[in-house]
Amino acid sequence: MLPYKDLFIDFDDTLYDTHGNATLALEELYDAFNLGHIFENKAFFTENYWEINEHLWSQYAHGEITRDFLIVERFRRPLALGKGAELSDEFCLKLGDAFLEFNCTKTGIVDGAKDLLKHLKSRGYRLHICSNGFTEVQHRKLEMVGMTKYFDTIVLSEQAGANKPSQKFFDYAFEQTKATPESTLMIAIIFLQTS
């Protein structure tokens, strides 16, 4: 008998190559919006975007900022480091929409991710996505990389009304999946920053 029946699995950077795919999308965005007149090169834009975006997502995960604030500020703040950039909410939202469209077409996954999912399904585990990502984006990305079929349930923070790792998120996840804490394991890749 399996010690665990249900596996809660994170999506971004655990199965889906979020950083690699988003970097490609940022480069497309840079070209599509002619950001070369604001920044000296793509690397300056993308490196600053990542630093700012990671900080904002950490704040969002801890409930310190809203989704709407994150969507605007993750572009306004790096744009402010350029010369003569438009910083209006409208322009930042336009960039955000285009970025998500570009991003949702990318198919990079973490090496071995599909093989792992196939193996786990063949062993009888029930698999559930548990993600803080935005609902419409996560569903599109899962479809694009052909992973939807492996999951019994997709649990997202927007539906839960709380982000991982809060108790409210996991209470909602257990309710949706009909799993129990005693028979469930959470799988996620955690990146630790060192100084």
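1. Let me start with helix 3 and helix 4 of this predicted model. Their axes come within 8 Å and cross at roughly 105 degrees. Angles of 65 to 115 degrees count as roughly perpendicular, and helix 3 and helix 4 are therefore roughly perpendicular to each other. If you would like to check this by eye, the residues to display from helix 3 are I71, V72, R74, F75, R76 and L79. On the helix 4 side, the contact is made by D89, F91, C92, L93, L95, G96, F99 and L100. By character, the residues of this contact divide into ten nonpolar, one polar and three charged.

2. Staying with helix 4, its length is a handy sanity check. The helix runs over residues 89–103. Its 15 residues should span 21 Å at 1.5 Å a residue, and the end C-alpha atoms are indeed 21 Å apart, so the two values agree. Which residues of helix 4 are buried? They are F91, C92, L95, G96, A98, F99, L100 and N103. The cover over these buried residues includes helix 1, helix 2, helix 3 and helix 6, the last of these spanning 135–144.

3. F99 deserves a closer look. Besides being one of the buried residues of helix 4, F99 takes part in the contact with helix 3. Setting aside residues up to four places away in sequence, F99 touches A22, A25, L26, L29, Y49, R74 and F75.

4. That leads naturally to the largest nonpolar core, which has 30 residues. Within this core, L26, L29, F45, F75, L79 and F99 touch the most other members. Helix 1 (18–32), helix 2 (42–61), helix 3 (67–79) and helix 4 (89–103) are the elements that give two or more residues to this core. Apart from it there is another core, of 18 residues, including I9, L127, V145 and L156.

5. Helix 2 passes the length check too. With 20 residues, helix 2 reaches 28 Å from its first C-alpha to its last, close to the 28 Å expected at 1.5 Å a residue. Its buried residues are F45, T46, N48, Y49, W50, I52, N53, L56, Q59 and Y60. What covers them includes helix 1, helix 3, helix 4 and helix 7, which spans 157–160.

6. Within helix 2, I would single out Q59. Is Q59 buried or exposed? Residues under 20% relative accessible area are classed as buried, so at 18% relative accessibility Q59 counts as buried. Beyond residues up to four places away in sequence, Q59 touches E64 and I65.

7. V155 in strand 3 (residues 153–156) is another buried position. Its relative accessibility is 0%, which is why V155 counts as buried. Leaving aside neighbours within four places in sequence, V155 is in contact with I129, C130, S131, F169, Y172, A173, Q176 and T177. For a distance check, V155 and Q167 are twelve residues apart in sequence and 14 Å apart in space, C-alpha to C-alpha.

8. A few backbone details may matter to you when you look through the torsions. The peptide bond from K164 to P165 is cis, with omega near 5 degrees. P165 lies in the loop between helix 7 and helix 8, the latter covering 167–177.

9. On phi angles, two residues are worth a glance. D13 is not a glycine, yet it has a positive phi of about 70 degrees. D13 sits in the loop between strand 1 (6–9) and helix 1, and at 23% relative accessibility D13 counts as partly exposed. K178, likewise a residue other than glycine, has a positive phi near 60 degrees. The place of K178 is the loop between helix 8 and strand 4 (184–187). With a relative accessible area of 67%, K178 is exposed.

10. One last residue, K118, belongs to helix 5 (residues 113–122). Its relative accessibility is 45%, so K118 counts as partly exposed. How far apart in space are K118 and H62? Their C-alpha atoms are 33 Å apart, with the two positions 56 residues apart in sequence numbering.

Note on methods
Residues numbered from 1 in each chain as written. Predicted model: local features only at pLDDT ≥ 70, side-chain atom pairs only at ≥ 80, totals over all residues. Heavy atoms only, no water. Core = buried A, V, L, I, M, F, W, Y, C linked by side-chain atoms within 4.5 Å. Buried < 20%, exposed > 50% of the residue type's maximum accessible area, 1.4 Å probe, protein only. Helix = DSSP H or I, 4+ residues; strand = E, 2+ residues; numbered from the N terminus. Contact = heavy atoms within 4.5 Å. Axes fitted to C-alpha atoms, helices over the stretch in contact; angles between N-to-C directions. Parallel < 35°, antiparallel > 145°, perpendicular 65-115°, else oblique. Nonpolar A, V, L, I, M, F, W, Y, C, P; charged D, E, K, R; others polar. Expected span 1.5 Å × (residues − 1).
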